Amino acid sequence: MSEPKINIEHRYLELPDSFYTRVKPRPLEDGKLVCFNAPLAEAMGIRSDQPAEWTGVGSGTELLEGMDPVAMKYTGHQFGVYNPDLGDGRGLLLWETIGPDGRRWDWHLKGAGMTPYSRFGDGRAVLRSTIREYLCSEAMAGLGIPTTRALFMVSAKDPVRRESIETAASLLRVTQSHIRFGHFEFAAHHEGEEALRALLEHVIALHFPELIQLPEPERYRRWYEAVVERTAWLIADWQAVGFCHGVMNSDNMSIIGETFDYGPYAFLDDFDAGYICNHTDQGGRYAYNRQPNIGFINCQYLAKALLPVMDEDDVRRGLRRYETAYNERFQDTMRQKLGLQIQDESDLSLIMDTFSMLHEHRIDYTLFFRGLSNLHSKGSAPIRDLFVDRSVAGDWLGRYQARLEKESLGPEEREAGMRSVNPKFILRNYLAQQVIVEAQSGNFEPMKKLLKVLEKPFDEQPEHEDYAAPPPDWGKHLNISCSS
Ligand code: AMP
Ligand code: MG
């Protein structure tokens with residue numbers, strides 16, 4: 001195909017050689033381009049009129065001029081244990097492009113075959129997990145939560161052995177940066193100070209340009225604080241929307257603070273603070289209510305990796321920012337979700353008590369807040385109906401209404417604001433499962449339809465009411481396979 005009209009770079013290759021290995025994609029058999037993100041392609045400045053032209057790139061049979069695929073080397077802490085042998089085991093960074101708006105995009109082909117970092121893996125990604133990653137990255141983008149994006153995906157015939165035999169697929173994942181906390185752990189623990197500095201300067205130059213001019217100790221200090229802050233904000237956003245990542249290893253933590261590596265994730269249906277979406281996580285290390293603390297622990301791993309080039313006190317100061325950044329962001333968002341504009345000293349206890357009630361009575365998290373956003377316009381029945389014990393709902397609503405008396409905004413305006421932070425549509429696991437089953441028999445239309453709905457999760461979309469429904473019984477506690 002002809003080259004897209006974009007600026008092409010591959011700045012990752014400026015890092016020391018130890019940060020990557022050149023690997024050619026291993027072709028997929030009879031790959032078909034099954035989903036293409038036209039709006040994203042347009043924003044990136046690439047051709048979107050003939051999506052099928054991208055089949056070769058997605059199948060690993062074609063490289064465009066300028067593509068120089070590499071597997072990135074990183075290490076990281078998995079479930080609290082350091083693993084020096086990580087790296088892109090099945091994904092390749094193809095090149096970087098710069099779009100018409102000046103935004104930089106890493107192109108990463110996930111499922112491209114084995115690399116020197118594959119360990120015991122086969123280098124492939126199955127259709128099921130590729131769809132899950134595609135759906136969730138776009139659902140997150142719709143929700144306004146920082147995330148990697150899905151540009152297109154290919155489905156192929158190659159059999160892939162997981163718990164059963166499935167088929168292979170690939171995802172062209174794009175984001176401003178694929179650099180993880182684990183890249184820093186690799187540099188610090190294996191390569192030495194020079195490599196660590198090179199990585200740090202690379203990340204600052206490309207992704208934190210506002211810091212370039214600062215003199216050195218301050219440049220690093222401010223950078224680390226910014227990374228800590230972005231991480232804290234991201235996890236506050238997850239908590240507020242009810243998202244459970246499932247595998248918060250430090251090699252899955254993006255240095256620019258995006259949601260990264262979608263595996264056994266889940267959006268909460270019925271609220272359960274201790275929910276564990278990853279069924280191999282027996283100790284619940286990555287349970288929903290532990291995510292904020294795990295984000296902090298990951299920032300500590302990063303801190304440790306920075307010690308060769310940063311003063312210990314500076315690192316400590318940066319780490320301290322985590323808790324305040326998290327609390328500010330989480331409380332602000334929860335206040336918005338509840339429609340509280342005026343600050344009142346009782347607000348924090350109202351927020352905490354609301355969570356306790358949702359947990360104790362296992363109330364659908366999304367329906368509850370969306371119902372609250374329509375309390376004035378549609379009445380309290382949609383909220384009361386979520387409770388088996390209606391008196392609990394009644395008591396809580398009484399307290400909430402009394403609190404609203406202190407607000408000065410009118411109800412219409414307040415609820416319009418609430419509807420812009422309380423989504424009507426989230427990617428419930430059962431919805432993902434339904435489109436996966438269809439796709440496995442060759443029909444990708446349901447997936448595309450679901451993606452369209454999730455593009456505008458805050459809009460009423462009355463014609464898509466069924467997508468806002470809580471899970472049917474079969475879809476309540478789906479055992480989502482972690483193998484991907
Ligand atoms: P994840 O749990 O997906 O974050 O993966 C952890 C590590 O295992 C990363 O280094 C991946 O590249 C690698 N990996 C996961 N699945 C495979 C696979 N099927 N083949 C090769 N490497 C894999
Ligand atoms: Mg990973």
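1. Start with the cluster: ring pairs join Phe271, Tyr288, Tyr326, Phe330, Phe355, Tyr365, Phe368, Phe369, Trp396 and Tyr400. Keep in mind while you look around that this is a predicted model.

2. One member of that cluster, Phe369, also has a charged neighbour. The charged end of Lys337 sits over the ring of Phe369, at 4.8 Å from the ring centre.

3. There's another charge-over-ring contact to look at, this time with an arginine. Here the charged end of Arg132 lies over the ring of Tyr265, and the distance to the ring centre is 4.1 Å.

4. Now for the wider count: searching the whole structure turns up 26 aromatic pairs. Among them is Trp238 with Phe243, an edge-to-face pair whose centres are 5.4 Å apart and whose planes meet at 65°. Are these two residues buried or exposed? Trp238 is buried, since its relative accessible area is 1% and the cut-off is under 20%. Phe243 is buried as well, with a relative accessible area of 0%.

5. Phe243 has a further ring partner, Tyr262. That pair is edge-to-face too, at 6.4 Å centre to centre with 70° between the planes. Where in the chain do the two partners come from? Phe243 belongs to strand S12 (residues 243-244), while Tyr262 is in the loop between S12 and strand S13 (266-267). They are 19 residues apart, so the pair links distant parts of the chain. Like Phe243, Tyr262 is buried.

Definitions and conventions:
Residues numbered from 1 in each chain as written. Chains lettered and ligands numbered in written order. Predicted model: local features only at pLDDT ≥ 70, side-chain atom pairs only at ≥ 80, totals over all residues. Heavy atoms only, no water. Phe/Tyr/Trp six-rings, centres within 6.5 Å; stacked < 30°, edge-to-face > 60°. Buried < 20%, exposed > 50% of the residue type's maximum accessible area, 1.4 Å probe, protein only. Helix = DSSP H or I, 4+ residues; strand = E, 2+ residues; numbered from the N terminus. Lys NZ or Arg CZ within 6 Å of the ring centre and 35° of its normal.
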